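Student: I have a model open and would like to test the terms people use for its contacts and empty spaces. Could you walk me through the reasoning?

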Amino acid sequence: MAFYIASAIAILATIMVITRYNMIHALLYLVVSFLAVAVIFFMLGAPFMAALEVIIYAGAIVVLIIFVIMMLNLKEESVEQERKWFTRNIWIGPGILAFILLGELIYILVASDTVLLNNKVVDAKEVGLSLYGPYIVGVELSGLLLMAGIVGAYHLGRQKRKVLHRFLQSTEE
Amino acid sequence: MLNSLWLIPTFPFLGALILVLVGSRLSRQVAARIGAGSVGLAALLTMAVGYDFLNSGVGAYQYTAWNWFDVAGLSTSFAFYLDPLSLIFIFVITFVGFLIHIYSVEFMKEDEGFARFFAYLNLFVCSMLILVLADNLVLLYLGWEGVGLCSYLLIGFWYSEAKNGYAARKAFIITRVGDTAMAIGLFMLFSIFHTLNIQDILTQAPQVWVAGTSMAVVIAFLLLGGAVGKSAQLPLQTWLPDAMAGPSPVSALIHAATMVTAGVYLITRMHTIYELAPLAQLWVGIIGAVTLLLAGCSALTQFDLKRVLAYSTISQIGYMFLAMGVGAWSSAVFHFMIHAFFKALLFLGAGAVIMALHHEHDMFRMGGLKNKLPVIYWTFLIGAASLAALPFVTAGFYSKDQILWLAWAGEKGNVWFFLAALTGAFITAIYTFRMVFITFFGKAKTQVSHVPGKRITIPLVVLSILSVFGGFIELPHTLGHFTLFSDFLSLLLPSVSLREGVESSEWILQGIAGLLALTGVYMAYVFYIRSPRISDEIKSSTYVLHQFWLQGWNVDALYNFLFVRPFVYISTLNKNDVIDKFYTMLVRATEFFNGVFVKTQSGILRWYVMGIVVGAILIITISLFVQP
Amino acid sequence: MKTLPIESGLLLAGVLFTLGLISVLVRRNIIFMLISVEIMLNAAGLAFIVAGSRWAQADGQVMFIFILTMAAAEVSVGLALILQIYHHLKTLDSDAADRMNG
């Protein structure tokens with residue numbers, strides 16, 4: 001029962017995310033959605049993942065996005081802008097496509113045999129053993145990916161000053 | 001010394017290589033030394049090898065340089081095979097080739113493509129040597145195509161004139177017809193014998209085939225096709241007169257002395273197959289007989305000095321084919337050798353005359369050169385006498401007489417062959433001396449501008465000596481019975497067995513032949529010196545026939561009508577190229593889709609995401625239906 | 001605790017994914033698009049966790065960790081890009097960045 005409540009909260013919160021005009025509101029609903037998903041993780045026997053979901057998704061990533069929004073110094077007009085972009089017509093195409101996709105997913109799920117989930121808890125120790133056992137290459141690659149992410153973010157995020165040659169500068173004046 | 005056999009083709013090859021790579025940077029003198037010197041070395045080496053070969057007393061010597069390729073049962077090595085037959089051929093090629101190289105040094109001295117000329121010429125000598133020394137038919141075919149290539153390059157040597165390029169293409173394409181037949185013949189030989197080694201085929205053939213087997217006949221005819229193309233015999237003879245567009249030394253070396261006799265070499269080399277295919281052999285003779293007559297008649301009417309010689313070459317090779325047709329292999333080879341001497345001499349002489357007269361080719365604008373160019377006159381006269389087979393004193397008499405005799409008396413000979421050969425000999429005498437009289441006698445019509453130097457006269461003198469004394473190594477029964485040449489070849493090539501009861505008539509036939517030759521000379525004298533009016537009258541009264549012969553029996557027009565026109569017609573039918581339509585359509589479709597997909601590249605991110613979603617949906621849908 | 005059928009978990013993942021998808025397609029604001037992508041990634045992670053729970057194995061969770069790593073890297077690079085785009089174009093409209101037609 002708790003699963004269904006959590007699911008409902010997650011879905012509702014996500015719907016709220018995608019319909020907000022204000023970015024900060026949307027992000028707060030996103031945090032709610034992530035927390036609900038974390039609860040589900042916990043119920044599915046993955047407590048460590050629930051913790052990571054809260055820390056990284058609901059914590060780090062959302063905070064990162066909020067920081068960027070603060071840096072961009074977006075004001076009321078961005079909300080207005082968002083409202084203006086949100087017309088009824090724009091929902092038609094995506095709605096149809098998403099409906100078809102969802103329909104197909106449901107069909108696949110219904111067509112297959114029902115299997116009950118295991119209640120066994122897979123704790124952090126097991127995950128760690130698996131991660132540094134058979135998946136060690138994946139861990140290394142993740143490290144590389146993060147490194148690339150840091151370097152890329154630094155490189156892209158740098159504000160390049162427009163450098164003009166002094167001769168050009170003098171002619172410009 | 002024998003094991004340095006491989007060096008003989010290597011020297012000209014190296015010469016060609018050096019001249020091709022750095023020829024343009026060398027001075028003329030150095031280029032000439034490399035070009036002529038490499039062939040000279042090959043000639044010296046040939047002498048040494050030949051001397052050793054004769055002393056060693058072995059029947060044949062084989063030298064394997066390396067294994068060329070070995071694939072799917074066809075193992076071919078780069079191997080040279082020396083026996084009396086190939087020895088004679090390499091002797092003629094290197095020796096006559098060397099003389100012609102020396103001659104070319106002066107003949108080409110003003111030409112811009114001096115080094116290029118010698119590069120081609122050396123490459124030709126190399127290919128020709130590979131052809132005759134080849135141990136297997138694949139290597140022979142390499143040489144065969146190599147000489148064809150060099151012939152093409154040298155006919156079109158002065159490529160800035162379109163008609164030379166046309167002549168070169170004509171020669172190349174027409175010989176290609178024969179080469180294709182020959183290639184098919186080689187494939188069939190391989191499928192039967194599982195080897196292309198010449199000696200293996202020759203030893204196995206009599207065991208595999210009985211005489212007259214259809215397979216042997218077919219293969220013999222296919223090989224004959226190749227020989228006919230290369231040797232300019234009927235029906236592929238039309239390229240040779242046009243090939244005179246090349247420089248005169250080229251005409252002498254390639255289109256008279258060596259390359260065009262490659263067909264004779266091929267058939268002689270494969271003579272076992274022809275003896276197993278009597279029908280094909282008979283046709284060799286028929287082609288030879290018909291060709292020698294047709295080409296002789298055409299030679300009667302030509303006015304271009306070199307074209308007379310070209311037709312006479314076709315005609316003389318016709319004699320060789322006739323000899324092979326009656327099984328007189330050694331006579332064919334003998335006539336090849338003598339012909340190489342006197343025809344090279346005539347071409348070189350003609351080249352010297354043409355050079356002396358500002359590149360004037362028309363005989364009727366020459367005349368009176370007897371006193372102005374005495375050395376050329378006398379050597380040319382000797383060559384002409386040899387070609388006309390004047391009795392007793394010329395080499396041509398002995399070689400041609402042998403063919404005449406065997407065409408009559410040989411087992412496979414018959415009276416028609418003999419009559420054709422006899423008529424041919426008569427015509428030969430007329431046109432030869434017509435050429436001599438018109439060119440060297442009478443009034444001078446063009447001034448001599450250039451007196452040939454030593455480099456031109458010495459080869460002429462050497463060749464004229466050979467044209468006289470070369471014949472004395474083989475004398476007929478009636479005149480001394482000296483058979484050095486045929487003895488030399490007797491191990492390799494079977495001799496002709498005579499029909500019964502003909503021996504006594506040999507001297508009568510010789511008498512007739514000699515008399516006819518002299519009559520021919522006399523008739524030429526009457527027509528062109530004593531009363532030129534008669535020749536003009538004959539010419540005007542038989543104008544149509546004259547034109548017909550001048551055009552070489554209009555074979556070109558016939559082929560034009562039979563092959564070229566229909567081909568052109570078919571190609572106009574397909575002018576829009578049906579097959580090309582398909583590719584154009586492909587291009588159109590590509591362009592169309594390009595247009596469509598360019599539209600999708602709108603730069604709007606949401607559309608791309610939309611595309612991904614549609615794709616995902618499609619894939620899921622397909623996988624749902626395909627695998628329910 | 002009562003055991004759940006696997007469909008309900010996967011269905012939740014599917015619904016969340018589809019919602020994220022709709023959002024990506026609908027929004028023009030790049031930050032919202034990034035947020036939507038996060039939703040979709042989270043949904044994919046959920047599917048992995050459900051599958052791991054089905055077999056009671058750690059592999060599903062390992063995959064979730066990888067997705068998490070990727071999401072973190074993606075967000076950092078994506079936000080850097082957004083900063084640059086805003087700096088150059090003075091707008092967050094993704095349609096404005098169509099000059100290259102790529």
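**Contacts and spaces**

Tutor: Gladly. Start where chain C meets chain A: 69 residues of chain C and 78 residues of chain A take part in the contact. Keep in mind that this is a predicted model.

Student: What makes a residue part of that contact between chain C and chain A?

Tutor: The test is heavy atoms within 4.5 Å. By that test, 69 residues from chain C and 78 from chain A are in the contact. The area buried between the two chains is about 6900 Å², and carbon and sulfur atoms give 78% of it.

Student: Why are Arg27(C) and Glu82(A) called a salt bridge?

Tutor: Set the value against the cut-off. A side-chain nitrogen of Lys or Arg has to lie within 4 Å of a carboxyl oxygen of Asp or Glu. For Arg27(C) and Glu82(A) the N to O distance is 3.1 Å, so the pair meets the 4 Å rule. Side chains of opposite charge can pair when their charged atoms come close.

Student: How many salt bridges does the rule find across the interface of chain C and chain A?

Tutor: The count there is 1 salt bridge. The same interface has 11 residue pairs in polar contact, with both residues at pLDDT 80 or more. On the chain C side, helix H1 (6-26), helix H2 (30-55) and helix H3 (59-89) each supply at least two residues. H3(C) gives the most, with 25 residues. By class, that side of chain C has 46 nonpolar, 15 polar and 8 charged residues.

Student: What does the contact between chain C and chain B take from each chain?

Tutor: It takes 13 residues from chain C and 10 residues from chain B. The buried area is about 950 Å², of which carbon and sulfur atoms give 64%. The count of salt bridges between these chains is 0, and the rule finds 0 residue pairs in polar contact, again with both at pLDDT 80 or more. H1(C) brings the largest share of the side of chain C that touches chain B, 4 residues. That side of chain C divides into 6 nonpolar, 3 polar and 4 charged residues.

Student: Which salt bridge could we examine within chain A?

Tutor: Take Glu80(A) and Arg83(A), whose side chains meet at 3.8 Å, N to O. The cut-off is 4 Å, so this pair also counts as a salt bridge. Because the two residues are 3 apart in helix H4 (residues 76-85) of chain A, about one helical turn separates them. Over all chains, a search of the whole structure finds 9 salt bridges.

Student: Now the empty spaces. How many cavities of 30 Å³ or more does the structure hold?

Tutor: There are 3 cavities of 30 Å³ or more. The largest has a volume of about 140 Å³. Of the 17 residues that line this largest cavity, the closest to its centre are Gln237(B), Thr238(B), Pro241(B), Tyr311(B) and Gly552(B). H13(B) gives the most to that lining, with 4 residues. The lining has 7 nonpolar, 6 polar and 4 charged residues.

Student: What makes Ala388(B) a lining residue of the second largest cavity?

Tutor: A lining residue has an atom within 4 Å of a point of the cavity. Ala388(B) is listed in the lining of the second largest cavity, among residues that include Phe397(B), Lys400(B) and Asp401(B), so it passes that 4 Å test. The space there is about 50 Å³. H17(B) gives the most to this lining, with 4 residues. The classes are 7 nonpolar, no polar and 2 charged.

Student: Why is the space of about 700 Å³ called a pocket and not a cavity?

Tutor: In a cavity the probe fits but cannot get out, whereas a pocket is an open set of points. The space of about 700 Å³ is the largest pocket, so it belongs to the open kind. Of its 30 lining residues, the closest to the centre are Leu300(B), Arg434(B), Phe527(B), Tyr528(B) and Ser535(B). H18(B) gives the most to the lining, with 6 residues. By class, the lining of the largest pocket has 18 nonpolar, 7 polar and 5 charged residues.

Definitions and conventions
Residues are numbered from 1 along each chain as its sequence is written. Chains are lettered from A and ligands numbered from 1 in the order in which they are written. This is a predicted model: local features need pLDDT of at least 70, side-chain atom pairs count only at pLDDT 80 or more; totals for chains, interfaces and linings use all residues. Side-chain values use heavy atoms; hydrogens and water are left out. On a 1 Å grid over the protein atoms alone, a cavity is a set of points where a 1.4 Å probe fits but cannot get out, and a pocket is an open set with protein on both sides within 12 Å along at least five of seven lines; lining residues have an atom within 4 Å of a point. Grid points are joined across faces, edges and corners, and a volume is the space filled by probe spheres set on the points. Ala, Val, Leu, Ile, Met, Phe, Trp, Tyr, Cys and Pro count as nonpolar, Asp, Glu, Lys and Arg as charged, and the others, Gly among them, as polar. Buried area is the accessible area (1.4 Å probe) that two parts lose on being put together, summed over both. A polar contact is a pair of N or O atoms within 3.5 Å; within protein, one must be able to donate a hydrogen and the other to accept it, and residues adjacent in sequence count only if both atoms are side-chain atoms.
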